[in-house]
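Here is a quick tour for anyone meeting this structure for the first time. Have a look at the sequence and the model, then read on.

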Amino acid sequence: MIKSRKYSIHGIELKQRTIHLPLPSKEQKLRARGLRNNGILSEVIFWRHVKSGAFHGIDFHRQQCIGPFIVDFYIRSFGVVIELDGAGLIGKYEYDKRRDEFLRSLNLHDINIHSNVVVTAPESALQYVESELIEKYGIRT
């Protein structure tokens, strides 16, 4: 019997959920690997704060393939996508709109954080993620 891991933030237990993602193509996997190896500053800073369960024991995945898109970070235990906005190419509005619609169709929750916040005040970015997870998945007793 496999035991489910329990997560909590500031004493508030979080309810997990399972989302089944489409399998990525080999090309997507290679592209995601390249993005991980050439991360932008905000992604590198954010990753340092959340990798290896450093953020409340929660596992984050970096440059996760989801359907035809690659998202900055993904929390599998909650079906949460974290996008760091403002660091990419200008004119990405249509791409972001299609991505967001696709993520919603899979019942994924999207958290957007401006890259400048991650670079200048990473603690604020992490507090925002905490508040979003508590609001969306917190079990209040």
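## Starting with β3

How many of the six residues of β3 are buried? Five of them are, and that makes β3 a mostly covered strand. Keep in mind as you look around that this is a predicted model.

β3 pairs with β4 through five bridges, and the two strands run antiparallel. If you want a spot to look at, find I66, which stands opposite F69 in β4. The hairpin made by β3 and β4 has two residues between the strands, and one residue to check there is G67, with a positive phi near 60°.

## The sheet around it

Now zoom out a bit. β3 belongs to an open sheet of four strands, in the order β3-β4-β5-β6, and the pairing is mixed. Why do β3 and β6 each have a side without a neighbour in the sheet? Both stand at the edges, β3 as residues 61–66 and β6 as residues 109–114, and each has a single partner strand, so one side stays free of a sheet neighbour. On average, and ignoring direction, neighbouring strands here are turned by 45° against each other.

In general, strands of a sheet pair through backbone hydrogen bonds, and they can do this in a parallel or antiparallel way. Moving along to β4 (residues 69–75) and β5 (residues 80–85), you'll find an antiparallel pair joined by three bridges. Here I75 has V80 of β5 standing opposite.

## Helices on the sheet

Two helices to look for are α1 and α5. Helix α1, residues 26–37, packs on the sheet and touches β3 and β4. The direction of α1 makes about 155° with that of β3.

Helix α5, residues 122–137, also packs on the sheet, and its contacts are with β4, β5 and β6. Set against the direction of β6, the direction of α5 makes an angle of about 160°.

## A pocket with β3 in its lining

Which element gives the largest share of the lining of the second largest pocket? That's β3 again, with five residues. Both α1 and β3 supply at least two residues each to this lining.

The space in this second largest pocket comes to about 160 Å³. The residues lining the pocket are P24, K29, A32, R36, H61, R62, Q63, Q64 and C65. By type, the lining divides into three nonpolar, three polar and three charged residues.

## A buried serine in a loop

Between β4 and β5 there's a loop, and S77 has its place in it. Is S77 buried or exposed? S77 counts as buried because its relative accessibility is 14%, under the 20% cut-off. Beyond its neighbours within four places in sequence, S77 is in contact with Y7, Q16 and R17.

## Two backbone oddities

Most residues other than glycine have a negative phi. H56 goes the other way: this residue isn't a glycine, yet it has a positive phi of about 55°. You'll find H56 in the loop between α2 (41–50) and β3. With a relative accessible area of 29%, H56 is partly exposed.

N107 also has a positive phi, near 65°, and is a residue other than glycine. Where does N107 lie? Look in the loop between α3 (93–105) and β6.

Notes. Residues numbered from 1 in each chain as written. Predicted model: local features only at pLDDT ≥ 70, side-chain atom pairs only at ≥ 80, totals over all residues. Heavy atoms only, no water. Pairing = 2+ DSSP bridges. Axes fitted to C-alpha atoms, helices over the stretch in contact; angles between N-to-C directions. Contact = heavy atoms within 4.5 Å. 1 Å grid on protein atoms, 1.4 Å probe; cavity = no way out; pocket = protein on both sides within 12 Å on 5 of 7 lines; lining within 4 Å. Points joined across faces, edges and corners; volume = space filled by probe spheres on them. Nonpolar A, V, L, I, M, F, W, Y, C, P; charged D, E, K, R; others polar. Buried < 20%, exposed > 50% of the residue type's maximum accessible area, 1.4 Å probe, protein only.
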